[in-house]
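Open your viewer and get ready to click along. We will go from one selection to the next and see what is there.

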Number of protein chains: 2
Amino acid sequence: MTRGEARQQLLEAAEELVLARGLSAATVDEICRLAGVTKGAFYHHFKSKDALALAVLDHYYGRVAAAFTIASDLASPRERLDAMLTRAEEVAAGPLLRRGCLMAVFALELAERPDDRLRAAVAERFDQLGFGLETVLRQVLREQGCAPKPARAQASFLARQFLVCLEGGITLAKAHKDPERVVEAVRFYRKSLAAQLA
Amino acid sequence: MTRGEARQQLLEAAEELVLARGLSAATVDEICRLAGVTKGAFYHHFKSKDALALAVLDHYYGRVAAAFTIASDLASPRERLDAMLTRAEEVAAGPLLRRGCLMAVFALELAERPDDRLRAAVAERFDQLGFGLETVLRQVLREQGCAPKPARAQASFLARQFLVCLEGGITLAKAHKDPERVVEAVRFYRKSLAAQLA
DNA sequence: CCCTGTACATACCAAACAGTCGGTTTGCGA
DNA sequence: TCGCAAACCGACTGTTTGGTATGTACAGGG
């Protein structure tokens, strides 16, 4: 443990423990122990446990958003959509989501706090996560014209349902200790999308 | 507060607090306070906080399962399937799921406990909840024959995806404080099912 | 009317909790 | 080489935690 990396260690330890037990069950002492750092270091870098939680949310979201991002140099919207869904399946099968989704944990645990800044931050991240897909979906829907609904609303709706399937899959994967459920859920979304776009 | 109803009061208080803050943040003292009862009553009826959690799970699941159940005297499998999905939309819009899903809270919070009896109980309830739908789906798939996959596996897959959409919808509803997301998710599932059955 | 078990209440405990504070180490510019 | 701020340490505090020990009110059978 060299000087200067305590903050990073704390973020990683906190992420792991929050995913394993939830936010309120992940104690400051335990986070410090896992990070190999003392309480002094903790409260030097974060003014409270809530501040740490917000930082962990950023840290986690950054990696998830990066994992879902694809190179944007593909010609047609349909190709981009296809690439995004393929990537999504890979992410679902990969190690990043195997322990669950930190945003989901926060969402369920912080739903009715008096101060809901953390909850609002989570909601914002969810929106951001769906925005890339929504954009591509809008282009695809516009391209094929003949929309029963306006493309804008329909794209927004379908993008939200991707997050629904992803988070639902993660929840059931955790309940059953079966990470394959996430992949299954993403594949279901892909099929549904194909059917509803055709 | 008359004698004999402390247990029921404790179950209801615990359900409310767990849905609001999660299991570990819902303290025994607070549960007792909300139930209008003392610690003595708590530990008279439940030998530990975990025992209460299991009882709350039963209490909650019973009501959810009842809400999703339909009269089974409808003639054709397709009619039954349709009735189930209509009912599902009603439940999604109703008060029962407005505060979230207790099973999802448990699943995320108890995922990596050394003793995973509670987690296993949650997984079992999820399976039970999907079983009714799975049965009807199998009949519908058999009826229309010409399956690309065996009807058994396909019905099981599609029934799981209902729970995926339901729980995913609930998670995002909590994150955004927008109960309508649950209804949206169930409607998405219904459309997807219609597309993939046709 | 008394006796007994169930249904609670009250006071308490050790451990764990988030957060604090005075002190020590260390990198680094002057 | 010195000075100083940032990084980090670890003992401490007041409160809260799940759980217990002991007592009491009361319904119902004899």
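The tour below visits two DNA strands and then one residue.

**Before you click.** This is a predicted model, in which local features need pLDDT of at least 70 and side-chain atom pairs count only at pLDDT 80 or more, while totals for chains, interfaces and linings use all residues. Residues are numbered from 1 along each chain as its sequence is written, chains are lettered from A and ligands numbered from 1 in the order in which they are written, and side-chain values use heavy atoms, leaving out hydrogens and water.

**Stop 1: DNA strand D.** Select DNA strand D and show the 18 residues around it; a residue counts as near if one of its heavy atoms lies within 4 Å of the strand. Gly4(A), His44(A), His45(A), Val28(B) and Lys39(B) come nearest. Of the strand's atoms within 4 Å of the protein, 57% belong to sugar or phosphate and the rest to bases.

Now look for polar contacts (pairs of N or O atoms within 3.5 Å; within protein, one must be able to donate a hydrogen and the other to accept it, and residues adjacent in sequence count only if both atoms are side-chain atoms).

- His45(A): a side-chain N or O atom is 2.6 Å from a phosphate oxygen of DNA strand D.
- Val28(B): here a backbone N or O atom lies 2.9 Å from a phosphate oxygen of DNA strand D.
- Lys39(B): a polar side-chain atom is 2.7 Å from a base oxygen of DNA strand D.

Next, colour the helices (DSSP runs of H or I, at least four residues, numbered from the N terminus). Which helix gives the largest share of the surface near DNA strand D? That is H3(A), with 4 residues.

**Stop 2: DNA strand C.** Move on to DNA strand C, which 17 residues surround, the closest being Thr27(A), Lys39(A), Arg3(B), Gly4(B) and Thr38(B). Sugar and phosphate make up 61% of the strand's atoms within 4 Å of the protein.

Zoom in on Thr38(B), where a polar side-chain atom is 2.8 Å from a phosphate oxygen of DNA strand C. At His44(B), the corresponding distance from a polar side-chain atom to a phosphate oxygen is 3.1 Å. H3(B) supplies the largest share of the surface near this strand, 5 residues.

**Stop 3: Thr171(B).** Finally, select Thr171(B) in helix H8 (residues 151-176) of chain B. Is Thr171(B) buried or exposed? Thr171(B) is buried, with a relative accessible area of 1%; buried means under 20%, exposed over 50% and partly exposed in between, using a 1.4 Å probe and protein chains only. Leaving aside neighbours within four places in sequence, Thr171(B) is in contact (heavy atoms within 4.5 Å) with Ala104(A), Ala107(A), Leu108(A), Glu167(A) and Thr171(A).

Methods. Helix = DSSP H or I, 4+ residues; strand = E, 2+ residues; numbered from the N terminus.
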